[in-house]
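This report concerns the pockets of the structure shown below and the residues that line them.

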Amino acid sequence: MGIGGSDMYRQQILDHYKNPRNYGELEDATFTHVGENPMCGDEITMDVVLDDEEEVIERVAFRGDGCAISQASASMLTQKLQGMTVEELAELDRDDVVDMLGVDISPMRIKCAVLAEKVAQDGADIYFGEKDLDKSSTEADE
Amino acid sequence: MGHSESTLLDVERIREDFPILQREFDGQRLVYLDNGATSQTPEPVVECIADYYRTTNANVHRGLHQLSQEASIAYEEAHDRVAEFVGASGGREEIVFTKNTTESENLVAYAWGLNELGPEDEVVLTEMEHHASLVTWQQIAKRTGATCKYIRIEDDGTLDMDHARECITDDTQMVSAVHVSNTLGTINPVSELADIAHDHGAYMFVDGAQSVPTRPVDVEAIDADFLAFSGHKMMGPTGIGVLYGKKHILAEMEPYLYGGEMIKKVTYEDATWNDLPWKFEAGTPPICQGIALAEACDYLDDIGMDRVRRHENDLAQYALEQLEATGDVETYGPPAGTERGGLVAFNLESVHAHDLSSILNDSAVAIRAGDHCTQPLHDKLGVAASARASFYVYNTREEVDKLVAAIDDARQLFA
C-alpha cells in the first residue's frame, strides 16, 4: 500500500490492542507516570516496579485509552521492559520501538508508537531526578 | 465561468479547475474530504499567485515606483473585494488582513479585551467554540480577571438559546460564537445572539472560519461587530486571514502589533497611528495572499454562495444517512433533516479515529481525525477524538460512497 495505512495493522498489533498484556495497576510501583499524545488523544499510565537495588525492572503494568498503535505499543513494551536495566530503558529509541512493533509506522503515527516508551523513560527520569534532588537538598541541609 | 441558472453545481466542470483532485495514490483517485481543515485551490487563484510574482511583486505603501504602485493598488482593492464578499458597506476600512482566523481573534482579544475587560466583566462563549476563540478569551479573562461563561449545547447539537439569554447579562462585554461548528456542523443563530448581546451593550464576535467559505454571510444582516475567517478554507492561500470590524469600533481600538506600516508620525518620544485598516497591519503584509483571496472571492461568487450552501448541506445529509445506516457509526451534531454545514464528525465503534483515518488513507480517502481543536466539546461528547469528513463544491455523492466503503474495510480489519 506504500502510503502507510492498514500495513500497520498486522495481526500482532491487533492482538495486543484487543488483548492488552499487563493491563492494570501495580500497587507496589516504584514509580508511576502518565503521558498524553494530544494529536490522537492517547493517554497511557505506566507503573514500574524496580528491584531493591533500583537497577533492574521487575514488573511493568499500563493502562490507558487511545489508538491501536499506542495501546499495542504499550502492551508490547510492558513485556519487553521486564528484566531490563534502568540504563537500558534510558537508551531505548524510536528505532527500538519500531523494531518491537515489527511494522512500518507512518511518519504521522510515530508519536503514537513511541508514547509508552516516552512515558516509561520520563517516569524514570523524574523518579531518579527527584531522588537526586532529595539527596542534594538533604546534603545541603546537613 | 458561466454557471447555468440551475440551483445545482456543475461539479464536473468545477473539478477541472482543481488538478490536485486528479492525484492518485497506488492507483486510487484521491477523495479529499478534509476541506474543513483546508480547501483546495482552483487554477484561477493559482494563476493569480503566479501572475502576481511574475509581473507585479513589490512591497506596498513604500515605493513610488510603478511596481509598488501596482502592488499597493491591487492589495488595497483586495480589501474592498473581501468587504463586498461579506457585505461590509464600509469597504476596506472595515477589513483587516491578518494571518488567519486565530490571529483575527487574538487581535480583538489583545487590542480590545486587554484594555477594556476587568474583574466585573463577562465574556460569553459557546460550548462548541474552536480553540481559536476559546483559548484566546480564556487567557485574556485570566489576565483581566474577567469571567468566561459558556452557552450550553442541547442534545441535538444546537445552542440552548434560553441558556444564552441567561448567560448574557449587563456585565457581558463580549459574546463570541462560532457561526458553523467545525465539529458538529451546527449553524448557530448568530443574528439572534447579536441582538441579545446588543440589548446588554455587549459586542458580538462571529467566528466565520467554517461559514464564510460555505454560505452567504452578510455581516450587516447579522449585525456582527466582528467577523473572523481564513483564506485557505475558501480556496485562497494560507497566510491570509480576515478580521471584519465595524469602523467606529476599529477606530477606537488600540493597535495590536506595532512597527512599520501601521504608523502615521513617529518621533523618538512617541508615535501616531495610521488610518484604518493599516493601523492593524504592522510590517509587510501578506500582499500576494490578500490579492489571491480576492480572486477566490470572485471564484466563489461566480459559483454562487447559495449554491455552495445547498451543495454542502446535500452532501452532509447524504453522508449522515449513509453513516447512520451502518448501525455502528455514531455521528455528532444535528440529526439528519436539519440543515448543517458540509461536515460530519463521527466514530466507528471500537476503532479509534486515528486508526480509522490511517486505514481510510489506503483507499486514498483523506479525512481529519483528532479533536478538531474542540477538546472541551469532545470531553462533553465523552470521546477523546472523532473522525470528520468535510465537503466542498468539488465533492460528490460517489465520494461519500467511497468513504463509507473504506469505513467498511476498517470494520473488517478490526472485527
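## Largest pocket

In this predicted model, the largest pocket encloses about 500 Å³ of space. Its lining is made up of 21 residues. Those nearest the centre of the largest pocket are Met39(A), Met108(A), His354(B), Ser357(B) and Ile367(B).

Two or more lining residues come from each of three elements of chain B: helix 12 (353-362), strand 15 (365-366) and strand 16 (368-370). Helix 12 of chain B gives the largest share of this lining, with four residues. By class, the lining of the largest pocket consists of nine nonpolar, eight polar and four charged residues.

## Second largest pocket

The volume of the second largest pocket is about 410 Å³. A total of 24 residues line the second largest pocket, and Gly41(A), Asp65(A), Gly66(A), His352(B) and Ala384(B) are the closest to its centre.

The elements that supply two or more residues to the lining of the second largest pocket are strand 1 (31-37), strand 2 (42-50) and strand 3 (57-65) in chain A, along with strand 14 (343-348) in chain B. Strand 3 of chain A makes the largest contribution to this lining, at three residues. The lining of the second largest pocket comprises 11 nonpolar, eight polar and five charged residues.

## Chains at the pocket centres

Residues of chains A and B appear among those nearest the centre of the largest pocket, including Met39(A) and His354(B). Chains A and B are likewise represented close to the centre of the second largest pocket, with Asp65(A) and His352(B) among the residues there.

Terms used: Residues are numbered from 1 along each chain as its sequence is written. Chains are lettered from A and ligands numbered from 1 in the order in which they are written. This is a predicted model: local features need pLDDT of at least 70, side-chain atom pairs count only at pLDDT 80 or more; totals for chains, interfaces and linings use all residues. Side-chain values use heavy atoms; hydrogens and water are left out. On a 1 Å grid over the protein atoms alone, a cavity is a set of points where a 1.4 Å probe fits but cannot get out, and a pocket is an open set with protein on both sides within 12 Å along at least five of seven lines; lining residues have an atom within 4 Å of a point. Grid points are joined across faces, edges and corners, and a volume is the space filled by probe spheres set on the points. Ala, Val, Leu, Ile, Met, Phe, Trp, Tyr, Cys and Pro count as nonpolar, Asp, Glu, Lys and Arg as charged, and the others, Gly among them, as polar.
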